[in-house]
Each structure stands twice: as structure tokens, then as C-alpha cells.
Amino acid sequence: MISAHAGDFVWRAGGAIALATSRGERAKVVCLSYGERGESAKAWRAGKTLEEIKAIRREEAENAAAELGAEIEFLDAGDYPLVESQELVDRLVRVYRDVVPDVVLTHPLADPYNGDHPAAARMALQARVLAQAIGYEAPGEPLGAPPVFFFEPHQPEQCDFKPEVLLDITPVFDKKRKAMECLPAQQHMWDYYTDLAKRRGVQLKRNAGPNLGLAHDTMGEAYMRLYPQVTDVLS
Ligand SMILES: [Zn+2]
């Protein structure tokens with residue numbers, strides 16, 4: 001899971017992460033920055049310094065990751081702007097080769113409100129492709145072809161985001177809520193993303209059909225796929 005800022009993984013994919021770890025799978029979050037300049041308005045208004053804000057956001061994100069059962073790594077690449085570089089891409093290649101993920105989650109490629117998000121996505125995708133190249137010099141074996149899922153951005157319509165995959169996160173929603181509550185710097189998001197999970201849960205039930213025994217209070221997360229789904233059975 002590659003995220004531009006410290007909080008992104010919690011709002012948008014906390015359910016997916018908690019589901020994976022609840023099955024005993026490994027989840028690793030890479031935060032390219034702390035979101036120190038662009039997503040920490042409350043701390044700036046409170047008069048904190050840049051270094052203090054980075055420390056606060058780091059601790060919050062570590063707590064949220066712990067709540068979700070995930071490992072977390074910060075690359076401290078700076079935000080607003082998050083500047084793309086070959087060095088950062090190379091660091092991500094090394095993460096891919098080390099973790100060997102079965103699935104990659106990142107931001108969608110369009111976000112007219114926040115250039116850091118598409119920048120993170122471009123680097124995540126480029127690094128995935130490079131990690132597949134046998135001749136690319138980095139420790140470990142060449143990566144296979146883990147599917148890429150784009151998680152839901154804050155303004156989905158403007159980001160050309162349309163739910164293609166609805167993930168049932170009902171059993172772990174309490175964990176996601178607790179992880180969100182580890183981020184008081186963005187307290188205004190807690191209820192917003194709880195409400196969104198309810199709406200995606202309603203869509204999930206509608207698309208699953210009425211007779212599958214889904215809980216009344218289904219909670220969901222929406223994703224898009226970058227690459228085709230590979231299967232030998234259509235249903
Ligand atoms: Zn962000």
C-alpha cells in the first residue's frame with residue numbers, strides 16, 4: 001500500500017488492510033510523506049513547527065497502522081509538493097522486491113485537488129514495473145504481477161473514480177474507526193469516512209443481491225482496478 005501522506009491509507013483503505021491482517025496476512029504501508037504541509041492544518045493553526053508536525057503525524061500514523069495490524073515505513077520525501085524522483089522510485093522498487101506483495105493499493109492517477117496523490121500513484125506504478133524487470137538492479141527476485149487497486153479519493157467524481165470493486169469491510173469496520181480516531185489532526189474526516197463506508201455498504205448489498213444474507217449494516221470500501229482481472233471462471 002503506497003500512500004502520499006500519513007493519513008491517506010487509513011481513510012481510504014483501512015478496511016482492506018484490517019481484513020488482510022485479520023486473515024493473518026502481512027500488510028505494509030509506505031507513506032511517501034507525513035502530509036506535514038498539506039494535510040495538517042489543525043497543527044499549523046496551533047502554532048506547531050514543521051518538525052513538530054512531522055513528528056506528530058508520524059506518531060499518529062504509527063498508531064493507526066498498529067490498530068490495523070500493519071507495518072509502516074515513512075520515506076519523508078516532503079509534501080505539497082511531493083516531488084517525483086528516480087531515487088524515490090528506486091526506494092519503492094526495493095520495497096516491492098522485499099515485501100513481494102500479492103496486491104498493490106495506491107491513489108488513482110487523477111486528482112485535480114491534490115497533485116501529491118497522482119504523483120504517489122505514478123511512482124508506485126513505475127516502481128512496480130521496474131521491480132518486475134529481471135535486469136533492474138535491486139536485491140531480491142523480480143516481482144510477479146500483483147494486481148493494482150486504486151482506493152477511493154476524497155472527491156471521486158473529479159478524479160474519474162467509479163467503484164468497480166466493493167469490498168465488504170463490515171467485520172473490521174470497528175478497527176478502521178479506531179484507526180481513524182488515531183488521527184486527531186484530521187478529526188473532520190472521521191464521520192465523513194464512516195458515512196462513506198455506509199453508502200458503499202449499501203451499494204455493496206445492492207450489487208450482491210438481496211438473498212445473500214449480508215448484514216443489514218454492511219460497510220464497504222470502493223476500489224478501481226488498473227489491470228484486467230485474471231480468472232478462469234466468470235462468476
Ligand atoms: Zn493525502
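## Close-up views of a predicted model

**View 1. Around the zinc ion.** Aspartate 8 is buried, with just 1% relative accessible area. Keep in mind that everything here comes from a predicted model. Glutamate 39 is buried as well, at 12% relative accessible area. Both residues turn up among the protein donors of the zinc ion, which are His5 through ND1, Asp8 through two OD atoms, Glu39 through two OE atoms, and His117 through NE2, lying 2.1 to 2.7 Å from the metal. Along the sequence, the donor residues follow the spacing H-x2-D-x30-E-x77-H. Aspartate 8 and glutamate 39 link distant parts of the chain, 31 residues apart: aspartate 8 sits in helix α1 (residues 8-22), while glutamate 39 is in the loop between β2 (28-31) and α2 (41-45). What is the geometry of the site with its six donor atoms? The site is irregular, with angles of 51 to 161° among those donors. For reference, six octahedral donors would ideally give angles of 90 or 180 degrees.

**View 2. Isoleucine 53 and its surroundings.** This residue belongs to helix α3 (residues 50-68). Is isoleucine 53 buried or exposed? Its relative accessibility is 0%, so isoleucine 53 counts as buried. If residues up to four places away in sequence are set aside, isoleucine 53 touches Glu36, Ser40, Ala43, Trp44 and Lys48. Valine 93 is another matter: 40 residues along the chain from isoleucine 53, with 28 Å between the two C-alpha atoms.

**View 3. A salt bridge between two strands, glutamate 73 to lysine 28**. The model has 16 salt bridges by the count used here. In this one, the closest N and O atoms of glutamate 73 and lysine 28 are 2.7 Å apart. The pair links distant parts of the chain, with glutamate 73 in strand β3 (residues 71-74) and lysine 28 in strand β2, 45 residues apart. The two ends fall into separate accessibility classes: glutamate 73 is partly exposed at 27% relative accessibility, whereas lysine 28 counts as buried at 17%.

**View 4. Glutamate 60 on helix α3**. Glutamate 60 and arginine 57 meet through their side chains in a salt bridge, 3.1 Å from N to O. Why do these two sit about one helical turn apart? Because they are three residues apart in helix α3. More broadly, an α-helix has 3.6 residues a turn, so residues three or four places apart point the same way. Both partners are tucked away from the surface by the numbers: glutamate 60 is buried at 9% relative accessible area, and arginine 57 is buried at 1%. Beyond its neighbours within four places in sequence, glutamate 60 is in contact with Cys182, Leu183, Pro184 and Ala185.

**View 5. Arginine 200 paired with glutamate 152**. Here the closest N and O atoms of the salt bridge are 2.5 Å apart. Arginine 200 lies in helix α7 (residues 188-208) and glutamate 152 in the loop between β5 (148-151) and β6 (165-168), so the pair ties together parts that are 48 residues apart in sequence. Arginine 200 is buried, with 11% relative accessible area, and glutamate 152 is buried too, at 5%. Elsewhere, Glu51, Lys54 and Asp76 are joined into one network by salt bridges that share partners.

**View 6. Helix α4 and what covers it**. This helix has 14 residues (86-99), which at 1.5 Å a residue should span 20 Å; its end C-alpha atoms are indeed 20 Å apart. Its buried residues are Leu88, Val89, Asp90, Leu92, Val93, Val95, Tyr96, Arg97 and Val99. The cover over them includes β1 (2-3), β2, β3, β4 (104-106) and α5 (116-132). Just past α4, valine 100 has a positive phi of about 50°.

**View 7. The nonpolar cores.** The largest nonpolar core has 37 residues, and Met1, Phe9, Ile17 and Leu105 make the most contacts inside it. At least two residues come from each of α1, β2, α3, β5, α6 (173-180) and α7. The largest share, eight residues, is supplied by α1. A separate core of 30 residues lies apart from this one, with Leu32, Val93, Ala119 and Ala127 among its members. For a closer look at isoleucine 17, leave out residues up to four places away in sequence: it touches Met1, Phe9, Ala27, Val29, Leu68 and Ala70.

Conventions
Residues are numbered from 1 along each chain as its sequence is written. This is a predicted model: local features need pLDDT of at least 70, side-chain atom pairs count only at pLDDT 80 or more; totals for chains, interfaces and linings use all residues. Side-chain values use heavy atoms; hydrogens and water are left out. Donors are N, O and S atoms within 2.8 Å of the metal (3.2 Å for Na, K and Ca); water is not among the atoms, so sites may look incomplete. Four donors count as tetrahedral if all angles lie between 85 and 135 degrees; four count as square planar and six as octahedral if opposite donors are over 155 degrees apart and all others between 65 and 115; anything else is irregular. Helices (H or I, at least four residues) and strands (E, at least two) are DSSP runs, numbered from the N terminus. Buried means under 20% relative accessible area, exposed over 50%, partly exposed in between (1.4 Å probe, protein chains only). Contact means heavy atoms within 4.5 Å. A salt bridge is a side-chain nitrogen of Lys or Arg within 4 Å of a carboxyl oxygen of Asp or Glu. The expected span of a helix is 1.5 Å times one less than its number of residues. A nonpolar core is a set of buried Ala, Val, Leu, Ile, Met, Phe, Trp, Tyr and Cys residues joined through side-chain atoms within 4.5 Å.
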